[in-house]
Amino acid sequence: MGLVCCFRISVFLYFISLTLFTRANFCVPTKEVPCGCVFENKMISLDIDGLAPVLKDKDGKDEYFFSPCRPLKGIKELDNECESSAACQKDGEGKLYKLGSDELTFEGTSFSDLQFVYGAQSSTDKLYRKSVLKLECAVPDLVPALNFVEQTGNTSANTESTPLVYEFLYTGDAACVRDLTTKKISGGSVLLIIFFVGLFLYLVIGILVNKCVRGAVGLEVIPNYAFWQDLPSLTKEGFAFTIKCGCCKGDEAASGYDNI
């Protein structure tokens, strides 16, 4: 009895751990989706069309710079201190602090609470900091915006595992979940659809008219049956005529004489 009970508890704990692990890693990054992740044919990516902006926000005297998809580089207000970081803080005195590395991971149990997390990194004052970017879906017409929310953590107990955490909120169209199964129909596909629909209507309407109005029977119910019956031979004669005329013109040019 005791063995059976232990076995049941082990199975229960296994499925609980499996569920927690799966939910914690529900969104998986892929090469096809830059600066984002995929789950069940749906995705979020902040790098749509490769145009992810460098976002800025001010909180009092402090200014924040955030590049969610690539390290901060080439920005005049920043120096080499923040080049390997995704986020940077510039205080009122002009000092710069890295707010985490450019290494991106994902946390959350669903797209509704998905967070972009940039790992802890030591800055000039030897304190570890990391950034957490929360997402809010907005209409396409709205300009993407970054808002600093809050800073949490204790400077006296600051380690790589217990860093200062800077929370930001990104609002924009890129934060909306996209369905990977829906694709835009190309122009060629539209033409093929029109062609086959037109062919279908041509056959159905033509057969009904020939059968019900004209009283046709057998193969004669096919619209323009005589034309379709003669089409192969007409095509063959057309090719033969074209080739023959081409050869004749070549003979005339070579002889230098006009035919009488």
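Is Phe 196 buried or exposed? Phe 196 is exposed, at a relative accessible area of 51%, where exposed stands for over 50%, buried for under 20% and partly exposed for what lies in between (1.4 Å probe, protein chains only). The model is a predicted one, in which local features need pLDDT of at least 70 and side-chain atom pairs count only at pLDDT 80 or more, while totals for chains, interfaces and linings use all residues. Residues are numbered from 1 along each chain as its sequence is written, and side-chain values use heavy atoms, with hydrogens and water left out.

We turn next to the aromatic rings. Across the whole structure, a search finds ten aromatic pairs; rings of Phe, Tyr and Trp (its six-membered ring) pair if their centres lie within 6.5 Å, and planes under 30 degrees apart count as stacked, over 60 as edge-to-face and the rest as tilted. Phe 66 and Phe 168 make an edge-to-face pair, with 5.1 Å from centre to centre and 85° between the planes. Because Phe 66 sits in strand S5 (residues 62–66) and Phe 168 in strand S12 (residues 164–172), this pair ties together parts that are 102 residues apart in sequence. Strands here are DSSP runs (E, at least two residues), numbered from the N terminus. Both Phe 66 and Phe 168 are buried. The rings of Phe 195 and Phe 196 have planes at 75° and centres 5.1 Å apart, so they too are edge-to-face. Phe 195 is partly exposed, with a relative accessible area of 49%. Ring pairs also link Phe 66 and Phe 168 with Tyr 64, Tyr 118, Phe 148 and Tyr 166 into a cluster.

Phe 66 and Phe 168 reappear in the largest nonpolar core, which has 28 residues; they are among those with the most contacts inside it, along with Leu 114, Phe 116, Leu 133 and Leu 135. Such a core is a set of buried Ala, Val, Leu, Ile, Met, Phe, Trp, Tyr and Cys residues joined through side-chain atoms within 4.5 Å. Strands S2 (33–39), S5, S9 (115–122), S10 (128–137), S11 (145–152) and S12 each supply at least two residues of this core, and S12 gives the most, with four. Another core, of seven residues, lies apart from the largest one and includes Ile 75, Leu 78, Cys 82 and Cys 88.

Cys 82 is also one of the residues touched by Lys 98, as are Glu 81 and Arg 129, not counting residues up to four places away in sequence; contact means heavy atoms within 4.5 Å. Lys 98 lies in strand S7 (residues 96–98) and, at 13% relative accessibility, counts as buried.
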